[in-house]
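Please load the coordinates in the viewer and display the backbone as a cartoon. The tour proceeds from a sheet to the helix beside it and then to two loop positions.

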Amino acid sequence: MNSPSGPAPDPEAAHTYPEAQIYMDHAATTSVDERVLAAMMPYFSASFGNPSSIYSLAQDGRKALDESRDTVAAVLGARSGEIAFTSGGTEADNLAVKGAALALRGVGNHIVTTAIEHHAVLHACEQLEQFGFEVTYLPVDGDGLVSPDSVGAALTEQTVLVSVMLANNEIGTIQPVPEISRIVRERAQRDDRTIVMHTDAVQGAGYLSLDVGELGVDLLSLSAHKFYGPKGVGALYVKRGTPLEPQIVGGGQERRRRSGTENVPGIVGLAAALEFAESRREATVKHCSRLRDRIIDGLTECIEDVRLNGHRTRRLANNVNVSFQAVEGEPILLGLDFAGISASSGSACSSASLEPSHVLLAIGLDADLAQGSLRMSLGHGNIDEDVDSLLNVLP
């Protein structure tokens, strides 16, 4: 390992947190944009009515709900009626996977997905296996890419659902979803039957186009807190005519796709955040990709035996995932934290697990190298000085 530049750390100050943290874990969550918070505030107090009620106070909430649905639909290139609001990305994935599979269980019992999906998809598939469904977990190559041809080869006469994420939450690899969707659609048309195509696009908002026509998908999942919106609210695009069995039943809200009183402040926040993220997407991608490449090039130059995980160029503009030989990830994270830098070792949803990342194992890392991984995910608020600090501290 090469010697890092800059002064040696002061051991007396090692456990003193700086006034300002350098935040590089935007894939885990983001802060709520001030404009988003301002849009949400009236629906906590003055306009607090239940949108299902008929009096004027409640209709303020109904109007906000309808306008938010219109906003999300516009970003996705969808119809307003094709947007269902959920409690987050995990519920959106569960509703998509289980909802579509169960609605089509009279047609077939086979699902195709990949080995590197988010656990919200993988565990939903595993649960369906307990009810007689068969699931094909497709392998990926060393960069984390799934072959569209392998998806086509995996389709059978019993296949009812294909779920391939748009961009991986750990290694940032962007999948060829439009090409996969085309293969699935052509097979369904050839056989004259329904095969539903779902993509988990939770990490893509603000960095990739979410136009559902371009992607060719029937279902698409989003989570507000990944793009400067509030936690606890998500959305699922459901193409008109797509079979979907509700997973939460009760009052029949969201066109009977997801019952429960709508989280109006959260939904308003999701819509505002998605609109802001889309409006500045080009600038954000340009800014983050430059900082991302500085980190990748800098770490490669100053640290021996560092491995970049994920595709070098076909990756999210804000994602850097690296592994270090003979070094565990947790001590690195603690060291960075003490130095005022927030990063992660992978998915925030499984950060408490001592098991190596299923994503890193799937791309061919051994367990020891996978344990020595570090993920840095940037946001539009990060600056060059943040990268300078990271490249000074990390070695």
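Two strands count as paired if DSSP finds at least two bridges between them. With that in mind, and noting that this is a predicted model, select Val-306 and then Phe-324 in β10, which is the bridge partner of Val-306.

Extend the selection to the whole of β9 and to β10, residues 319–324; these strands pair in the antiparallel sense over 3 bridges.

Next, display the full sheet. It is an open sheet of 3 strands in the order β9-β10-β12, with antiparallel pairing. Select the edges, β9 (306–308) and β12 (373–377): each has a single partner strand, so one side of each is left without a neighbour in the sheet. Viewed with direction ignored, neighbouring strands of this sheet are turned by 25° against each other on average.

Now add helix α9, residues 281–302, which packs on the sheet and touches β9, β10 and β12. The direction of α9 makes about 15° with that of β10.

Two loop positions complete the tour. Select Ala-326 in the loop between β10 and α10 (329–338). Although Ala-326 is not a glycine, its phi is positive, at about 60°. Is this residue, Ala-326, buried or exposed? Ala-326 has a relative accessible area of 84% and is therefore exposed, the cut-off being over 50%.

Finally, move to Arg-256, located in the loop between β8 (234–238) and α8 (264–279). Arg-256, likewise not a glycine, has a positive phi of about 65°. Its relative accessible area is 64%, so Arg-256 is exposed.

Note on methods
Residues numbered from 1 in each chain as written. Predicted model: local features only at pLDDT ≥ 70, side-chain atom pairs only at ≥ 80, totals over all residues. Heavy atoms only, no water. Helix = DSSP H or I, 4+ residues; strand = E, 2+ residues; numbered from the N terminus. Axes fitted to C-alpha atoms, helices over the stretch in contact; angles between N-to-C directions. Contact = heavy atoms within 4.5 Å. Buried < 20%, exposed > 50% of the residue type's maximum accessible area, 1.4 Å probe, protein only.
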